[in-house]
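Visitor: I'd like to learn how to read this one piece by piece. Can you walk me through it?

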2 protein chains.
Amino acid sequence: MTDLMKMGQNAVVAKYELQNLSTKQKNEVLIAVSKRLVHDTEKILHQNNIDIEEAQKAGMHPGLIDRLRLTESRIRDISLGIEQIAELNDPVGALLETIERPNGLVIKKVRVPIGVIGIFYESRPNVTADAFSLCFKTGNAVILKGGSDAIYSNIALTNSIRDALTESHVNPDCVQLIEDTDRETARAFMKLSDYVDLLIPRGGAGLIKTVKENSTIPVIETGTGNCHIYVDDAADVNKLIPILINAKTQRIGVCNACESLVVHEAIADMVLPLIGKALQEHQVEIRGDESVLKSLPYAIRATEEDYGKEYLDTIISIKVVKSIEDAISHINRYNTKHSESIITENMEHADQFLKGIDAACVYVNASTRFTDGFMFGFGAEIGISTQKIHARGPMGLNELTSYKYMIYGNGQIRE
Amino acid sequence: MTDLMKMGQNAVVAKYELQNLSTKQKNEVLIAVSKRLVHDTEKILHQNNIDIEEAQKAGMHPGLIDRLRLTESRIRDISLGIEQIAELNDPVGALLETIERPNGLVIKKVRVPIGVIGIFYESRPNVTADAFSLCFKTGNAVILKGGSDAIYSNIALTNSIRDALTESHVNPDCVQLIEDTDRETARAFMKLSDYVDLLIPRGGAGLIKTVKENSTIPVIETGTGNCHIYVDDAADVNKLIPILINAKTQRIGVCNACESLVVHEAIADMVLPLIGKALQEHQVEIRGDESVLKSLPYAIRATEEDYGKEYLDTIISIKVVKSIEDAISHINRYNTKHSESIITENMEHADQFLKGIDAACVYVNASTRFTDGFMFGFGAEIGISTQKIHARGPMGLNELTSYKYMIYGNGQIRE
């Protein structure tokens, strides 16, 4: 059984050592890790193959096996990803604000690492390297808890990273992997608030719910996206159709894919046939209300449940509404606070939608697929936050930091 | 039994209405609330008196009864406090950042309310008005859960505020009080994550621990402060003594009071007698290690437990260390990440301390008592955060907001 308390203590020791490294030192270590992973390719692929064989024996869906599989080229991509993180600006130490007080105190608000970050994830072994490098760059020690399906791959990757850290004379406990994959260990990890400052679950809705309900460590919820496109009565159909098809079909299994369409009734008769045709060409099943069924007799009747569903599939729900206000209420009721888009040429409506919608990212005339750290220009991301505390939307390096007030006095006491 | 789900739903309705109010409208409502409380003074004092009588019957400590008691002048102060919040800048709507992407997307990061905030507090009825006004100003609906000792006072205050809201044609559910004071209701409230975005416990360590361990809503821990002053070998004694006495004795029951002193051994023989004399003059009991006992024979031997304790009393622990590095490790081991101060004339040591100490606020040559939203110039505060997520240190109006990305496109799709 994993000694979690010991791992927590090790992480705290590592975090203080890590905070003393300069940006240059951290970048050099990241490059060393990147090279080491390529160097260890054969070893890693061998271990990955054990996971793949187990998965095949267990009858895992081929799509999931593909997510689990590492190849020489995928390891090169992981390695390249780490080099790219080394090239990004280091947010740690940035001066965010200076406050001068009448009594002469000078208060500097400075970006600092969060400390120790825990990451829960499922069967994608690339998250191991990804989470390590983002946390390391921002001066955070990380404790990883990956899925049991990828355990051999994760152990191999973590060992290579730790070897590279040791060779670089850096505490290898900057990254630790929990090797036990049972539920009790996972739940005990969620209670490790004496050592861990933040827990980020990356994965499906079930994983996130479990972490949220059991953790005594602050959690950032990521990833669930029931994203809508609202077709306003002033929509430009030439923008609508490409955006809808892009948001729904470019990648169906991602959190920023469109799952539901809301259409203003004044434009419904005109646009629904075009929408139906475009979706059918892309083999997307339509589930709609009464009005939708009238225009598109081949559509399936939507249930209440459909409107709350993140399909992650070639299915879309469609709802016709009487007004933009009704569209906003409908979306605020069923969305997961992720990404929503309005298609309109009326800038007052755009403004009303931008203000009224409760979501991390609200778009005008663009695909919801842009909610992504890379697309936002952050250079990297650890996930998409769907809660409102600490960080919202794509989380890049800045969002993996906290701040500290440094206050310079010359003998001030409080009156 | 309180219908918490209904309260949550009411709060969500109120939050959307509140987000449509302009700054001017919110300020006018706050002034109306402020006047209403003065107008209702007699009614409120009558209810407060029931709490006071109950407390006296139960044999409550006179100091606690004093914290519970409202008077005409205290209600005027509460009312004045609300007017002051009305005068502060409204952070909602502030443009934090604009990102322009190569594909023409313009991403605006804008401050928005958090949504629905839950506040847990103990027996100070003034928190009722304080928490309401800070949340209202920042566009957040609030659900209050006060202590059973102050229940009649809290009901009276909340009713007055709600009456003022109704008269101002604002949804009174912008503030709701949970009137049931039993544990089951409290625990059920901590699970209301479908409606409540953030929970802030204000009170003692026990309350905070209970909330942290039971809540499925994101929690901001506030208030516990085991604050240190480190006397460096390059300390100026003329700065040290006034700062120490101020930090230890100006108010003993507050989280930013000094609870422990760490002294460099090179200066110990010189400063300990001066420290001892000054503390004795202020009736402060000293608990020290071997070296301290040698210099100050009247001191009590400190146990391991002493160094981890927030006394909130006229007691201080003292530890002699061999180096600034040892001072930093000792403090990082025992502190609660609140406020720490170094007394030194050596700016390299100051820098090492500022960087090495893990706390929300790190001071050079100043009293820890300055960790306070008012002292920082924030104009108000809801508490002092001792965690690293979302907000650290004094939480003013900005810290009661989240942000949202508003993205302007003209048909962009993801390649």
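**Reading the sheets and the pairing of chains**

Guide: Let's start with a turn: in the hairpin of β1(A) and β2(A), 5 residues lie between the strands, and G104(A) there takes a positive phi near 95°. Keep in mind that this is a predicted model.

Visitor: How many bridges join β1(A) to β2(A), and which way do the strands run?

Guide: The general idea comes first. Strands of a sheet pair through backbone hydrogen bonds, either parallel or antiparallel. Here, β1(A) and β2(A) (residues 106-113) run antiparallel and are joined by 5 bridges. To get the register, look for T98(A), which stands opposite K108(A) in β2(A).

Visitor: And what joins β2(A) to β16(A)?

Guide: 8 bridges, again with the strands antiparallel. V112(A) has S402(A) as its bridge partner in β16(A).

Visitor: Where does β16(A) pair with a strand of chain B?

Guide: At β13(B): β16(A) (residues 401-412) pairs with β13(B) in the parallel sense, over 5 bridges. You can check the register at I407(A), which stands opposite Y363(B).

Visitor: What is the strand order of the sheet that starts at β1(A)?

Guide: Read it as β1(A)-β2(A)-β16(A)-β13(B)-β12(B)-β7(B)-β8(B)-β11(B)-β9(B)-β10(B), an open sheet of 10 strands with mixed pairing. Its edge strands, each pairing on one side only, are β1 (95-100) of chain A and β10 (300-301) of chain B.

Visitor: Let's move into the chain B part. Is β7(B) enclosed or open?

Guide: For a strand, think about faces. In a regular strand the side chains alternate between the two faces of the sheet. For β7(B) (residues 227-231), 5 of the 5 residues are buried, so the strand is largely enclosed by the rest of the structure. Both of its faces are covered, with C227(B), I229(B) and V231(B) buried on one side and H228(B) and Y230(B) on the other.

Visitor: Which strands does β7(B) pair with?

Guide: β8(B) (residues 258-264) is joined to β7(B) by 5 bridges, in parallel, and I229(B) finds its bridge partner in L261(B). The connection from β7(B) to β8(B) goes through α10(B), and this β-α-β crossover is right-handed. β12(B) (residues 339-343) also runs parallel to β7(B), joined by 4 bridges, and there Y230(B) has I342(B) as its bridge partner.

Visitor: What comes after β8(B), and which helix lies across these strands?

Guide: β8(B) pairs with β11(B) (residues 315-321) in the parallel sense over 5 bridges, with K319(B) as the bridge partner of V262(B). Helix α11 (residues 265-281) of chain B lies across β7, β8, β9 (285-288) and β11 of chain B, at about 145° to β8(B).

Visitor: Now the two copies. How are chain A and chain B related?

Guide: In general, two copies of a chain are related by a rotation about an axis and a shift along it. In this model, a rotation of 180° with 0.0 Å of shift along its axis superposes chain B on chain A, with an RMSD of 0.0 Å. The two copies are thus related as by a two-fold rotation axis. To find the axis from chain B, go to H390(B), whose C-alpha is the nearest to it in that chain, at 1.7 Å.

Visitor: Why do we say the copies meet through the same surface?

Guide: Compare the residue lists: 100% of the interface residues of chain B are also interface residues in chain A, so the copies meet through the same surface. The contact takes 49 residues from each of chain B and chain A. On the chain B side, α9 (205-214), α10 (237-249), β13 (361-366) and β16 each supply at least two residues. β16(B) gives the most, with 11 residues. By type, the chain B side divides into 24 nonpolar, 15 polar and 10 charged residues.

Visitor: One last stop: is V29(B) buried or exposed?

Guide: Count neighbours: 20 or more other C-beta atoms within 10 Å make a residue buried. V29(B) has 24, so V29(B) is buried. V29(B) is found in helix α2 (residues 23-39) of chain B. Leaving aside neighbours within four places in sequence, V29(B) is in contact with L165(B), S168(B) and V170(B).

Definitions and conventions. Residues are numbered from 1 along each chain as its sequence is written. Chains are lettered from A and ligands numbered from 1 in the order in which they are written. This is a predicted model: local features need pLDDT of at least 70, side-chain atom pairs count only at pLDDT 80 or more; totals for chains, interfaces and linings use all residues. Two residues are in contact if their C-beta atoms, placed from the backbone, lie within 7 Å. Ala, Val, Leu, Ile, Met, Phe, Trp, Tyr, Cys and Pro count as nonpolar, Asp, Glu, Lys and Arg as charged, and the others, Gly among them, as polar. Two strands pair if DSSP finds at least two bridges between them. Copies are superposed by least squares on the C-alpha atoms of residues with pLDDT of at least 70 in both. A residue is buried if 20 or more other C-beta atoms lie within 10 Å of its own, exposed if 12 or fewer, and partly exposed in between; C-beta atoms are placed from the backbone. A crossover is right-handed if, with the strands pointing away from the viewer, the path from the first strand over the helix to the second runs clockwise. Axes are lines fitted to C-alpha atoms, for helices over the stretch in contact, and angles run from 0 to 180 degrees between N-to-C directions.
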